[in-house]
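Please load the model in your viewer and keep a selection prompt at hand. The stops below say what to select at each point and what is there.

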Amino acid sequence: MTDQDSTVLGDPTTEATGHLSPRQAEELVAGYPGSAVVMSRGGDILYANERASGVVALLRNDALPDVHDMIVKSIELKTVTAGAVSVATARGDILLEITVVPQDDEISVLVLTRDLTMERNLRSALVESRQRYKDLVEVSSDFYWETDASGTFVFVSPRGGIGFDTEALIGRLGSEFVVDPETFSPLPFVSPRAMEDIEMWFRHKNGDTLCMMVSCVPLFREDGENEEWTGARGVCRDVTDERRSEAALARARQREQTLNYIVSSVRDELDPQNMLSAAAAATARALNSAGCRIHRLSESQDLVIAADFGNIESLDGLEEALSDLELGRDVQKLTLGTWEFAAVATHYRQTVNGAITIWKSKKSDAWEDDQLILIADIANQLGIANEQVTNHERIVALSRTDSMTGLLNRRAFFEEEIPRRVARLERSRQTAALFYVDMDNFKRVNDVRGHQAGDDAIMLLRDLMMDFSRPGDVIARLGGDEFAMWLDGISAEVTNHRAQALIDASQPLKAFSGDDDHPLGISVGVAMFDPDLSEPLESLLSRADSAMYEIKNAGKGGFCVAPPPGTASATKAE
């Protein structure tokens with residue numbers, strides 16, 4: 001309410017105020033430190049001081065109807081009447097304390113007004129603040145407490161804490177519930193100084209451990225000029241789940257880093273054949289294990305060793321034991337000899353394509369859960385690596401073999417296999433024989449009987465050559481109806497017998513002949529390799545090729561042995 005100058009209402013010369021003269025009444029009202037108004041029984045305003053301007057306005061606007069009832073009651077009962085009145089204004093509700101004092105003239109009253117709005121608001125704010133503080137403390141802590149100078153709980157929040165109800169905690173030392181209390185000096189329960197967010201582990205009623213974040217403030221009592229420390233007050237917030245989540249996340253990050261290290265080791269290998277060896281070494285090192293072995297699944301669905309690293313002694317029977325386990329996506333543990341194994345299958349597109357096995361001494365600690373999870377993660381990556389190696393081998397095989405017969409092709413035979421074998425024979429000082437085999441009258445077969453008959457004839461010749469070769473010999477299809485065969489460690493005499501035997505065995509080819517005048521058969525050119533002659537490889541190949549064409553020109557259906565380098569005669573057989 002806005003203060004205005006003291007206002008005198010009515011005619012003071014005609015109105016009476018009991019024992020006071022009009023001037024005395026006016027002076028009394030004007031000198032009152034609060035809001036004061038003199039009113040008649042009918043509600044007319046006789047006098048008002050400057051602090052009563054707001055009340056006067058309310059009275060004139062009939063905003064205080066209860067006041068009129070209070071005036072009548074006060075005059076009739078000749079007693080002071082008081083009450084609180086709430087008034088709605090544009091600025092909000094205000095609360096006024098009204099006191100009506102009857103005057104001696106029994107026709108007028110003194111109305112004293114006190115504004116309680118601020119007091120009410122402050123009280124409400126205080127109550128709300130206390131409730132808010134209480135609510136915040138309760139939601140931000142698992143329990144709050146107070147201890148005396150000995151560290152004994154003298155107050156605990158109604159819900160209790162760490163699994164105990166309030167009554168079970170009151171009267172007990174806070175240190176009783178702390179794991180390793182000697183690591184904290186001082187404990188918050190007996191701390192003479194404020195402490196904030198101290199991480200401590202407590203024993204739960206059920207035996208578990210809880211991680212609590214503890215904060216406290218000291219309590220003091222004035223003792224003359226000194227302050228006496230009397231205890232502490234604080235809150236405990238359970239952060240166990242947060243810490244366990246953080247620990248699990250840290251372990252997951254560690255597993256991810258280890259897995260990245262292993263994957264990087266594999267990717268750094270340019271040769272797919274070395275990928276699995278690098279993976280086995282990296283896995284054994286990362287897990288600090290005695291060794292690691294990676295298996296691949298063969299075409300017969302057996303586990304075969306693809307790579308291993310570390311201590312591989314006393315591993316006999318491992319593959320058989322793994323087969324009995326029926327490995328899947330879950331890591332299996334087994335004991336074999338002096339080793340403890342952890343094994344899991346590798347997969348590619350939901351299909352098992354191998355396995356990984358890690359082992360350590362039985363004297364070592366048991367496998368940890370994180371290690372088992374990591375092994376399973378490694379297996380997932382190795383499933384891809386196994387497939388990459390298989391694809392690489394498939395591509396290499398396709399690049400080295402003839403797609404129709406499955407024999408080596410020209411490039412693999414002349415550029416890879418023969419140079420490697422020649423180098424080996426030069427060290428062992430053994431002889432060898434190179435056969436060039438070409439079909440006679442093959443074009444007539446295709447022209448008369450069709451290409452399928454020609455293909456069948458080629459496959460028959462392939463089977464014949466494989467029947468007449470030894471495990472260490474190499475056969476290749478050079479293209480069309482041309483074949484080659486390399487026979488290691490064979491003498492010239494045995495070579496002649498084998499060449500003739502091949503000619504004799506080729507008689508079934510006649511069944512595919514285009515006509516009787518052009519029988520299907522073979523012509524064979526042979527060149528002997530002698531490491532003592534230091535003959536260039538190109539010369540050896542040329543001699544075999546020349547021998548084959550020589551028998552072709554001589555009438556076909558036989559073999560011709562090329563003369564040694566530097567001579568002109570050849571050995572023919574028809």
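Helices, of at least four residues, and strands, of at least two, are DSSP runs numbered from the N terminus. With that naming in place, and bearing in mind that this is a predicted model, begin by selecting Thr 431, which is placed in the loop between α10 (410–428) and β17.

**Thr 431 and its surroundings**

Thr 431 is partly exposed, its relative accessible area being 28%. Show the residues around it: leaving aside those up to four places away in sequence, Thr 431 touches Asp 488, Gly 489, Ile 490 and Ser 491, as well as Phe 529, Asp 530 and Pro 531. Within this set, draw a distance from the side chain of Thr 431 to the backbone oxygen of Ile 490, and it should read 2.7 Å. Then add Asp 532, whose C-alpha atom is separated by 9.0 Å from that of Thr 431, although the two residues are 101 residues apart along the chain.

**Trp 486 and Phe 529**

From Phe 529, one of the contacts of Thr 431, move to the aromatic rings. The count for the structure comes to 11 aromatic pairs. Among them, Phe 413 and Phe 414 form an edge-to-face pair, with 5.2 Å centre to centre and 70 degrees between the planes; Phe 413 is buried at 0% relative accessibility, and Phe 414 is buried as well, at 14%. Trp 486 and Phe 529 form a tilted pair instead, at 6.2 Å centre to centre with 45 degrees between the planes. This second pair links distant parts of the chain, since Trp 486 belongs to strand β19 and Phe 529 to strand β20, 43 residues apart, and both of its members are buried.

**The largest nonpolar core**

Next, select Phe 435, Val 437, Met 439, Ile 522 and Val 524, which touch the most other members among the 31 residues of the largest nonpolar core. Two or more residues of this core come from each of β17 (432–440), α11 (442–449), α12 (451–467), β19 (482–488), α13 (492–505), β20 (521–529) and β21 (559–561), and the largest share, 6 residues, is given by α12. Centre the view on Met 439, which, not counting residues up to four places away in sequence, touches Ala 457, Ile 458, Leu 461, Asp 481, Leu 509, Leu 520, Gly 521, Ile 522 and Lys 552. Apart from this core lies another, of 27 residues, including Ala 279, Ala 282, Leu 372 and Val 389.

**Rings and charges elsewhere**

Now select Trp 145, Phe 153, Phe 164, Phe 177, Phe 189 and Phe 202, which form one aromatic cluster. Add Arg 172, whose charged end sits over the ring of Phe 164, 5.7 Å from its centre. For another charge over a ring, go to Trp 367, where Lys 360 lies over the face at 4.2 Å from the ring centre.

**The cysteines**

Finish with the cysteine sulfurs: how many disulfides does the structure hold? There are 0. For Cys 216, the closest cysteine sulfur is that of Cys 236, and because the separation is 9.3 Å, it is too far for a bond, given that a disulfide requires sulfur atoms within 2.5 Å. Cys 216 is buried, with a relative accessible area of 4%, and Cys 560 is also buried, with a value of 0%.

Definitions and conventions:
Residues numbered from 1 in each chain as written. Predicted model: local features only at pLDDT ≥ 70, side-chain atom pairs only at ≥ 80, totals over all residues. Heavy atoms only, no water. Buried < 20%, exposed > 50% of the residue type's maximum accessible area, 1.4 Å probe, protein only. Core = buried A, V, L, I, M, F, W, Y, C linked by side-chain atoms within 4.5 Å. Contact = heavy atoms within 4.5 Å. Polar contact = N/O pair within 3.5 Å; in protein donor to acceptor, adjacent residues only side chain to side chain. Phe/Tyr/Trp six-rings, centres within 6.5 Å; stacked < 30°, edge-to-face > 60°. Lys NZ or Arg CZ within 6 Å of the ring centre and 35° of its normal.
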